[in-house]
Amino acid sequence: MDRSKLYRRFRTLLIANRGEIACRVIRTARAMGLRTVAVYSEADRDAMHVALADEAVLLGPARARDSYLNIERLIEAARKTGAEAVHPGYGFLSENAEFAQACFEAGLVFVGPTAEMMTAMGSKSGSKALMEKAGVPLVPGYHGEAQDETTLSKAADKIGFPILVKASAGGGGRGMRIVRSADELAAAIVSAKREAKAAFGDDRMLIEKYVDNPRHIEVQIIGDSHGNLLSLFERECTLQRRHQKVIEEAPSPTLNAAQRETVCAAARKAAGAVNYVGAGTIEFVSDGKDVFFIEMNTRLQVEHPVTELITGIDLVEWQLRVAFGEALPLKQDEIKLDGHAVEARVYAENPTKNFMPSVGKISTWQLPAEAGGLRIDAGYREGDTVSPYYDAMLAKMIAWAPTRDVAIERLNRGLEESDVRGIVTNIPFLSALMTHPKVRTNAIDTGFIERELAVLTSASPAPGELELCAAVAAIINAEQQAARSQANSPWQTFGWQPVGRRQRSFAFRVGHGAEQKIALNYGSGPSTLVIGERELAFTFSEKEAGFDLTLDGVKSSVAAVIDGHELYLRTRNSRFELHWVDPFGGESEEQTGEDKIAAPLPGTVVAVLAEEGAKLEKGAPILTLEVMKMEQTLRAPYAGVLKSVRCKVGDIVQEGIELAVVEPSGE
């Protein structure tokens with residue numbers, strides 16, 4: 001193979017991805033003087049990455065297989081724009097050897113490993129065989145070619161339960177199932193194969209021993225075309241949910257210096273087995289004593305910023321320099337570890353409803369400034385629409401500090417100061433996670449989030465005096481803003497009148513709870529708020545994204561968003577959702593719809609799990625939807641009989657469509 005075709009200097013880079021990672025690559029590429037080309041689907045016409053790039057090419061319809069996964073259209077987009085190189089980001093085709101080879105054959109530089117390296121290391125089963133030969137420690141498992149049920153069942157019995165069934169291709173927790181007994185195996189394989197086929201186009205499975213209470217440790221490596229291969233310390237990614245990382249940090253707070261050198265040496269040995277070129281990650285699982293190789297990701301990782309912050313190295317810049325054919329600028333002993341970094345992934349999802357993805361238009365996007373050790377990598381802005389077609393990650397918030405404790409404090413402060421509205425996000429969940437005492441003391445494993453889910457997703461506290469007063473201030477502030485848009489008049493100024501005092505009553509409700517009432521007294525003297533028997537002196541002053549509220553001489557910063565009669569407030573106590581009861585009456589209690597078996601979001605029916613006429617227990621699975629590349633199982637809301645199923649496998653259904661009817665048993 002002609003290496004001059006693999007690695008050479010270029011001026012125009014096409015980013016074959018979307019969202020946060022496309023924006024991330026564009027920023028570094030432009031800082032290096034490169035011209036950038038974005039690609040987009042019909043759903044992403046107005047996306048942030050499209051606006052940031054110098055040029056953009058429409059690939060096709062919203063579904064990924066018709067756009068971001070269409071190799072032919074991506075190659076054609078490069079030809080149209082004169083792009084000489086392609087950066088795949090992560091996800092989509094980033095670990096697809098066919099795509100890397102197609103780029104090479106089209107005369108394009110692929111910013112990543114060769115197709116041969118990707119094939120060798122990108123397959124979980126193939127890489128395990130290679131690592132076994134190279135002497136890298138492995139978790140006991142089966143990674144053979146035979147995929148029939150009998151072979152897999154025998155392998156599972158030999159390894160011993162619990163086991164992990166997972167897709168040989170891809171990652172991100174898709175196509176992965178924990179199986180704790182033999183009678184669960186067949187169903188787990190069917191489900192994992194189906195999810196893997198949808199996500200990666202490859203349903204091959206491997207089986208390995210499931211390590212109870214494990215920790216997830218990974219090492220960032222990068223190699224160049226001159227034979228240099230470096231490790232850039234390790235990351236700990238133990239805080240996971242459904243095998244997907246939620247919080248990542250570097251370095252690992254679990255390893256000491258000797259263990260760090262051992263695992264980094266093992267990672268270099270693993271990558272060296274294929275003379276690896278490009279950025280990649282060697283992933284290990286630890287039982288608290290030893291570490292075992294589990295897989296290699298032949299691409300940049302979502303969590304790469306924590307490594308960048310502790311080393312001072314821009315990994316995307318290094319990727320591009322390697323693709324230019326340059327040698328890595330540092331030697332192994334020149335890479336120094338400085339401080340600690342922690343990253344949180346901000347998703348459009350509802351933690352209180354089983355992390356159901358959330359779609360819609362972002363009406364408010366308020367994140368803190370990137371200062372004081374805080375970094376934000378985002379792929380969305382205010383006004384952008386989150387669609388149901390792609391991964392639900394909105395942004396990453398990363399904090400650096402000299403110590404782990406301070407880094408966690410900085411990250412949590414950043415989360416507490418963030419307000420994203422119009423969709424539901426996991427920001428409150430992330431904040432609860434970062435303040436959990438066991439996270440602070442590193443007393444965690446990969447099952448920690450699932451065990452602590454009830455605590456981490458508990459309801460916000462009931463609004464107190466501060467929140468009720470803030471709600472009144474938010475309404476008055478909004479009315480003042482509306483009045484300022486009209487002709488000036490003293491009658492439009494809050495609290496002004498020539499003589500006397502007036503009173504205005506407000507009522508608020510949280511969910512379906514009782515109304516909480518508060519009265520505003522205003523007029524010729526200072527304004528006050530009355531709650532029960534207490535009367536509080538009350539002033540406020542407007543500022544960006546909220547106001548300062550002073551109650552009885554104590555000033556508090558309040559963030560507020562009003563949408564009709566719905567109020568969102570963030571105070572020093574927590575986040576609160578309040579409903580302003582219509583002062584003119586006429587409101588009626590809405591049906592919660594909890595018993596309706598309907599599509600929570602647009603999706604595809606991939607399995608019907610119960611037959612019409614079946615008697616169901618509460619929580620029994622009825623059907624499975626694929627939403628945002630993840631499977632969501634809809635379950636019986638109560639015990640009863642399945643009267644009808646109003647869909648079939650393969651149906652594409654819209655949000656709110658009723659899919660099944662269960663008749664209560666009457667017990």
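In the predicted model, helix α2 (residues 19-31) packs against helix α12 (residues 315-324) at an angle of about 65 degrees, and the two axes lie 9 Å apart. The crossing of α2 and α12 is right-handed. On the α2 side, the contact is formed by Arg24, Val25, Thr28 and Ala29, which meet Leu315, Val316, Glu317 and Leu320 of α12. Classified by residue type, the contact of α2 with α12 comprises five nonpolar, one polar and two charged residues.

Leu320 of α12 is also among the residues touched by Phe10. When residues up to four places away in sequence are not counted, the contacts of Phe10 further include Leu34, Glu84, Ala85, Val109, Val111, Ala323 and Phe324. Phe10 belongs to the largest nonpolar core, which has 102 residues. Phe10, Leu13, Ile247, Ile282, Phe284 and Leu433 are the residues with the most contacts inside that core. A second core, separate from the largest one, has 30 residues, among them Ala64, Ala97, Ala102 and Phe110.

Helix α8 (residues 149-159) has a buried side and an exposed face. Leu152, Ala155, Ala156 and Ile159 of α8 are buried. These residues lie on the same side of α8 because they cover an arc of only 100 degrees around the axis. Lys154 and Lys158, by contrast, are exposed and are carried by the face of α8 turned away from the buried side. The packing partners of the buried α8 residues are β6 (141-142), β7 (163-167), α9 (185-200) and β9 (205-209). Just after α8, Gly160 adopts a positive phi of about 95 degrees.

Definitions and conventions: Residues are numbered from 1 along each chain as its sequence is written. This is a predicted model: local features need pLDDT of at least 70, side-chain atom pairs count only at pLDDT 80 or more; totals for chains, interfaces and linings use all residues. Side-chain values use heavy atoms; hydrogens and water are left out. Buried means under 20% relative accessible area, exposed over 50%, partly exposed in between (1.4 Å probe, protein chains only). Helices (H or I, at least four residues) and strands (E, at least two) are DSSP runs, numbered from the N terminus. The arc is that of the directions from the helix axis to the C-beta atoms. Contact means heavy atoms within 4.5 Å. A nonpolar core is a set of buried Ala, Val, Leu, Ile, Met, Phe, Trp, Tyr and Cys residues joined through side-chain atoms within 4.5 Å. Axes are lines fitted to C-alpha atoms, for helices over the stretch in contact, and angles run from 0 to 180 degrees between N-to-C directions. A crossing is left-handed if the near helix is turned anticlockwise from the far one by less than a right angle, and right-handed if clockwise. Ala, Val, Leu, Ile, Met, Phe, Trp, Tyr, Cys and Pro count as nonpolar, Asp, Glu, Lys and Arg as charged, and the others, Gly among them, as polar.
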